[in-house]
Amino acid sequence: MITLHHVSKNYGAVRAVDDVSLDVPKGHIHGVLGRSGAGKSTLLRTANLLERPDSGTVAVGGTELTALSASRLRTERARIGMVFQHFQLLDNRTVAANIALPLRLHKTERSARRARVAELLELVGLTDKADAYPAQLSGGQRQRVAIARALAPRPDVLLSDEATSALDPHTTVDILDLLARLRDELDLTILLITHELDVITRICDTASIMDEGRVVEHGAVAGLLAEP
Ligand code: ADP
Ligand code: ADP
């Protein structure tokens, strides 16, 4: 579902991503683990072409994104949701309005938008917070809003950029379990990056370990952890 083929990205002399290939099958959760500066975030941003690779190809759901025109790319990006460490919600809009935002951008009509927002609120367990503002929510609730917003256009793929790194351990587990449940219920394919091993062991099927732009280990999580 997500295929990166020999992807490289340099910033001047820095090889942020150096010849990385990976293939995440539909319905799998793949984690990329590495310390700060390893290239995880650059790699994740190449997966939806927020960052265009210098070389290599990126395909999502069989469509090669690196071959598309800018306008086709905008359409295809609706198939890829993204969540961030610091949620990136609009503070002056309600929870419902934040979730509705991508639907507005896709010009979904008002009644369909309303129905979809209600469904998403239910999905992430925030029906009673529809009219609250982000500042009135806990960190975990804010991340639930961000996840609901990312899922609004019914993407096949979710990219997670350290989604639990700003959360306490208990809330981290809640959010990871939510992601695992969404994967099961929606048959989502998830690519996540993290610097925390616990995130990998809790929900990932497979993982890559990155260091200095390169994947240094790759495989099923159980196998990776069995390494000495
Ligand atoms: P990670 O997410 O693992 O912390 P990054 O992908 O953010 O790693 O960074 C990988 C390397 O690329 C680092 O050396 C970082 O300084 C460099 N880098 C990342 N983004 C940029 C940028 N926009 N301009 C210049 N260098 C960058
Ligand atoms: P509008 O001008 O259409 O109200 P907003 O930008 O204020 O739009 O976004 C609010 C969105 O959330 C709308 O699509 C609205 O239908 C939806 N919405 C607001 N409150 C609720 C709720 N309690 N349950 C479901 N959807 C809601």
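**Exercises on a predicted model**

Buried residues make up 51% of the 228 residues in the protein. Keep in mind that this is a predicted model.

**Exercise 1.** Work out whether the radius of gyration of the protein agrees with that of a compact globule.

*Solution.*
- Start with the chain length: for 228 residues, a compact globule would come out near 17 Å.
- Now look at the protein itself, which has 17 Å, so the two agree.
- For the outline, the C-alpha atoms fill a box of roughly 50 × 40 × 30 Å along the principal axes.
- Then check the contacts: of those between residues at least 6 apart in sequence, 68% join residues at least 24 apart.
- As for the building blocks, there are 8 helices and 10 strands.
- Finish on the outside: about 10900 Å² is exposed, with carbon and sulfur atoms supplying 49% of it.

**Exercise 2.** Find which residues surround ligand 1, and sort them by class.

*Solution.*
- Walk along the sequence and you pick up Tyr 11, Val 14 and Ala 16, then Arg 35, Ser 36, Gly 37, Ala 38, Gly 39, Lys 40, Ser 41 and Thr 42.
- Sorted by class, that shell has 4 nonpolar, 5 polar and 2 charged residues.

**Exercise 3.** Track down polar contacts to oxygen atoms of ligand 1, then see how much of the ligand the protein buries.

*Solution.*
- Take the backbone: an N or O atom of Gly 37 sits 2.7 Å from a ligand oxygen, and one of Ser 41 sits 2.8 Å from a ligand oxygen.
- Add a side chain: a polar atom of Lys 40 lies 2.8 Å from an oxygen of ligand 1.
- On its own, ligand 1 exposes 560 Å², and the protein buries 59% of that.
- Strand E2 (14-24) and helix H1 (40-47) each give two or more residues to the shell, and H1 provides the largest share, 3 residues.

How values were computed. Residues numbered from 1 in each chain as written. Chains lettered and ligands numbered in written order. Predicted model: local features only at pLDDT ≥ 70, side-chain atom pairs only at ≥ 80, totals over all residues. Heavy atoms only, no water. Near = heavy atom within 4 Å. Polar contact = N/O pair within 3.5 Å; in protein donor to acceptor, adjacent residues only side chain to side chain. Areas by Shrake-Rupley, 256 points an atom, 1.4 Å probe, with all protein chains shown as cover. Helix = DSSP H or I, 4+ residues; strand = E, 2+ residues; numbered from the N terminus. Nonpolar A, V, L, I, M, F, W, Y, C, P; charged D, E, K, R; others polar. Rg over C-alpha atoms; globule rule 2.2 N^0.38 Å. Buried < 20%, exposed > 50% of the residue type's maximum accessible area, 1.4 Å probe, protein only. Contact = heavy atoms within 4.5 Å.
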